[in-house]
Amino acid sequence: MPHNIWLRVNLPDEEFSALERGVASCELRRGDDASIDPGWLREVDGVFSEETLPDELVQRMPRLQWLHVTRGGVNAYLTPAVKARPIQVTGSKGIHGTVFSEFALACILMLAKKLPDCIAAQKQKSWQRIQPMEVAGQTLGVVGLGIAGMDLASKAKALGMRVIATKRRPREKPDFVDELGLPEFLPQLLSESDYVVLLLASVPSTFNIIGAKELRLMKKSAYIINLSGGRAIDESLLVRALKENWIAGAALDAFAKQPLPEDSELWALPNVIISPRIAGITSQKWPPLLPIFRENLRRFLAGEPLVNAVDKELGY
């Protein structure tokens, strides 16, 4: 019996046709939740999805064995229904390193060169002599030296920055990182860094990893840049730290509630850059995504171990 794979993504016709040509031993169908045939849904073996699967939808797929998602971080997809059944979950880890590192670097340079101050002065038609800073010789602290963190560290070192980092598990230190430590190295990283960039998996172990104690360890002249899960920083304490100048400022692309509520104090703070969760967006969506899905589809059909398989208890 051929496998049934539901492409719950807005895949263009050209890419869909290429996928179909490459797998003769399964039936691929596209469609959203409302248009997909309910009878066929009961026979689905695998789903490729951009959005999370509601528990009710999972229950309508009794044969579901595999869920592949477009994101690198998969914790949001680990719903009670998915965790309760032996459904293999795989992600697209490894394809967002370039865009995350470029975005982080853009934030660092924007803050160092005081561009938010220039923009504010421009709006007031005020010709102000603003003092920019060099990043060469400054210390970058990367919290989470994964694929994106490695890419950022390499770029920052090329600009002449000192790079220090933390990683959850031991690994050999790359040449472009000056000092690498385990999570217990975080206090030293915070106290030494001029720019702290959070590139963490959005899993319970990283929630509120930055609180009052950690923010007070940072230099008053330092900036924090959060591109990871919105719950990595205690947001109320961050607001206080920014208002009371514990730190110089922040660039934030992740928030506890998304979209950021209109009544959030973060909107009005002059030392904050807010972006609407765009750090991981790429202009070339399918070319990096499809090779991972295509390889995992081949492995799934062949009964081989899948790439980027997730431990559903750990969340990564």
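The secondary structure of the protein chain amounts to 11 helices and 12 strands, where helices (H or I, at least four residues) and strands (E, at least two) are DSSP runs numbered from the N terminus. The model is a predicted one, in which local features need pLDDT of at least 70 and side-chain atom pairs count only at pLDDT 80 or more, while totals for chains, interfaces and linings use all residues. Residues are numbered from 1 along each chain as its sequence is written, and side-chain values use heavy atoms, with hydrogens and water left out.

The overall dimensions come next. The radius of gyration of the protein chain is 22 Å, close to the 20 Å given by the globule rule for 316 residues, so the chain is as compact as a globular protein of that length. This radius is taken over C-alpha atoms, and the rule is 2.2 Å times the number of residues to the power 0.38. Along the principal axes, the C-alpha atoms fill a box of roughly 70 × 45 × 35 Å. Of the 316 residues, 45% are buried (under 20% relative accessible area; exposed is over 50%, and partly exposed lies in between, with a 1.4 Å probe and protein chains only). Among contacts (heavy atoms within 4.5 Å) with a separation of 6 or more, 58% come from residues 24 or more positions apart.

An open sheet of 5 strands offers a good place to start exploring the fold. Its order is S2-S1-S3-S4-S5, with parallel pairing; two strands pair if DSSP finds at least two bridges between them. Strand S2 (26-30) and strand S5 (88-90) form the edges, each pairing on one side only. On average, neighbouring strands of this sheet are turned by 15 degrees against each other, direction ignored. Such angles run from 0 to 180 degrees between N-to-C directions, and the axes are lines fitted to C-alpha atoms, for helices over the stretch in contact. Within the sheet, strand S1 (residues 3-8) and strand S3 (residues 46-49) pair in the parallel sense over 4 bridges, and arginine 8 stands opposite serine 49 in S3. Helix H1 (residues 13-22) packs on the sheet and touches S1 and S2, its direction making about 170 degrees with that of S2. Helix H11 (residues 286-302) lies across S1, S2, S3, strand S4 (66-69) and S5, and runs at about 165 degrees to S4.

The loop between strand S12 (272-274) and H11 holds serine 275. Serine 275 counts as buried because its relative accessibility is 8%. Its side chain makes a polar contact with the side chain of aspartate 253 at 2.6 Å (a pair of N or O atoms within 3.5 Å; within protein, one must be able to donate a hydrogen and the other to accept it, and residues adjacent in sequence count only if both atoms are side-chain atoms). Leaving aside neighbours within four places in sequence, serine 275 is in contact with Phe103, Leu252, Asp253 and Phe255.

Some backbone details also deserve a look. Most residues other than glycine have a negative phi, and most peptide bonds are trans. A cis peptide bond joins glutamine 258 and proline 259, with omega at about 5 degrees; proline 259 sits in the loop between strand S11 (249-252) and S12. Asparagine 245 has a positive phi, near 60 degrees, and is found in the loop between helix H10 (235-243) and S11. With a relative accessible area of 46%, asparagine 245 is partly exposed. Phi is likewise near 60 degrees for asparagine 308, which lies in the segment after H11.
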